[in-house]
Amino acid sequence: VPKSKAGEATRVAIDVGFRHIDAAYVYENEEEVGSALREKIADGTVKREDLFYTTKLWATFFRPELVRPALERSLKKLQLDYVDLFIIHVPMAMKPGEEFLPKDASGKIILETVDLRDTWEALEKCKDAGLTRSIGVSNFNHKQLELILNKPGLKYKPVCNQVECHPYLNQSKLLEFCKSRDIILVAYSALGSQRDPNWVEESSPYLLEDPVLNAVAKKHKRSPAQVALRYQLQRGAVVLAKSFNEQRIKENFQVFDFELPPEDMKAIDGLNRNLRYFKLLFAVDHPYYPYSEEY
């Protein structure tokens with residue numbers, strides 16, 4: 001998708017009613033998204049405090065001294081004074097430098113080990129400096145969350161854990177764990193995945209073609225996507241929906257005027273097959289690889 005589309009989709013989303021914009025340094029579109037946000041503030045559609053903007057710390061910036069400069073770099077691209085949420089993108093660090101995916105001569109991604117607790121302390125300092133309102137994590141398993149929660153001298157705990165979560169991977173155990181620790185689970189790839197061959201196996205099933213999901217959608221005169229999003233909201237998760245299509249952006253927002261009864265929720269729960277679209281297999285040998293644990 002051309003970068004200009006990111007700005008366009010952001011403007012449409014804000015006009016439709018979306019206020020939570022989830023982005024990241026590694027998406028390489030913060031200039032376009034920031035410009036769309038400022039435009040919508042300037043024309044009076046929203047105030048800055050109406051918007052909830054998330055950015056993420058990429059894996060090449062986990063050394064504590066690199067954390068604040070990385071956030072400042074995002075803020076400069078966005079031309080904003082602060083973000084609402086700053087999260088650690090993945091638990092595994094990579095070799096620092098300008099390359100997003102640093103590789104050795106044989107084409108293997110160069111990983112390194114940085115203690116996540118040290119990275120977390122640097123995030124806490126960003127919050128104290130007013131550069132971000134809240135701090136959280138992404139793609140962490142429950143043991144990695146506990147590592148942070150049990151850190152001596154912890155000042156702020158993670159407000160959220162953003163993970164892949166959809167009817168084929170419903171994360172029920174992780175969701176319960178997060179609720180018990182007062183951490184919000186934020187669901188990404190809630191509609192399946194955009195199927196980028198760099199990250200996702202081409203043989204993966206299409207979630208939105210699932211017969212059960214389609215039957216529930218038909219019953220409520222809704223789209224399968226709307227049902228998948230509504231499912232997450234009713235479980236108490238925050239849900240993200242990505243689209244560049246104006247019609248679908250509008251459709252994705254129309255999930256507040258219907259409810260799935262318990263039997264439909266149960267039917268969708270029954271679709272779980274622990275199927276992960278994003279396996280991050282390049283880091284399977286890293287000590288912080290998150291998916292060796294059940295949840």
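How do the residues of the lining of the second largest cavity divide into nonpolar, polar and charged? The points below take up this question along with a few other features of what is a predicted model.

1. The residues that line the second largest cavity divide into seven nonpolar, two polar and one charged. They are Y25, T55, K56, L57, W58, F61, A70, L71, S74 and F86, and the volume that they enclose is about 30 Å³. Two elements, strand 2 (52-57) and helix 3 (64-78), each supply at least two residues of this lining.

2. The count of cavities of 30 Å³ or more comes to two, and the largest cavity holds about 70 Å³ of space. This largest cavity is lined by 13 residues, of which F140, Q171, L174, R276 and Y291 are the closest to its centre. Its lining divides into six nonpolar residues, three polar ones and four charged ones.

3. A reader who turns to the annotation will find that UniProt, in an unreviewed entry, places the feature "active site" at Y27. In the model, Y27 is found in the loop that runs between strand 1 (20-22) and helix 2 (30-42). Because its relative accessibility is 37%, Y27 counts as partly exposed. Once residues up to four places away in sequence are set aside, Y27 touches D22, K56 and H89; of these contacts, K56 also appears in the lining of the second largest cavity.

4. Helix 4, which covers residues 116-128, has 13 residues and reaches 19 Å from its first C-alpha to its last, a span close to the 18 Å expected at 1.5 Å a residue. Within helix 4, the residues L116, T119, W120, A122, L123, E124 and C126 are buried. The elements that cover these buried residues include strand 2, helix 3, strand 3 (83-88), strand 6 (132-138) and helix 5 (142-149), and among them strand 2 and helix 3 also contribute to the lining of the second largest cavity.

5. L154 has its place in the loop between helix 5 and strand 7 (160-164), and it counts as partly exposed because its relative accessibility is 26%. Leaving aside neighbours within four places in sequence, L154 is in contact with W120, E124, I148 and L149, and of these W120 and E124 are buried residues of helix 4. The C-alpha atoms of L154 and A129 are separated by 17 Å, while the two residues lie 25 residues apart along the chain.

Note on methods: Residues are numbered from 1 along each chain as its sequence is written. This is a predicted model: local features need pLDDT of at least 70, side-chain atom pairs count only at pLDDT 80 or more; totals for chains, interfaces and linings use all residues. Side-chain values use heavy atoms; hydrogens and water are left out. UniProt positions are given in the numbering used here, feature names are shortened, and annotations may be inferred rather than shown by experiment. Helices (H or I, at least four residues) and strands (E, at least two) are DSSP runs, numbered from the N terminus. Buried means under 20% relative accessible area, exposed over 50%, partly exposed in between (1.4 Å probe, protein chains only). Contact means heavy atoms within 4.5 Å. On a 1 Å grid over the protein atoms alone, a cavity is a set of points where a 1.4 Å probe fits but cannot get out, and a pocket is an open set with protein on both sides within 12 Å along at least five of seven lines; lining residues have an atom within 4 Å of a point. Grid points are joined across faces, edges and corners, and a volume is the space filled by probe spheres set on the points. Ala, Val, Leu, Ile, Met, Phe, Trp, Tyr, Cys and Pro count as nonpolar, Asp, Glu, Lys and Arg as charged, and the others, Gly among them, as polar. The expected span of a helix is 1.5 Å times one less than its number of residues.
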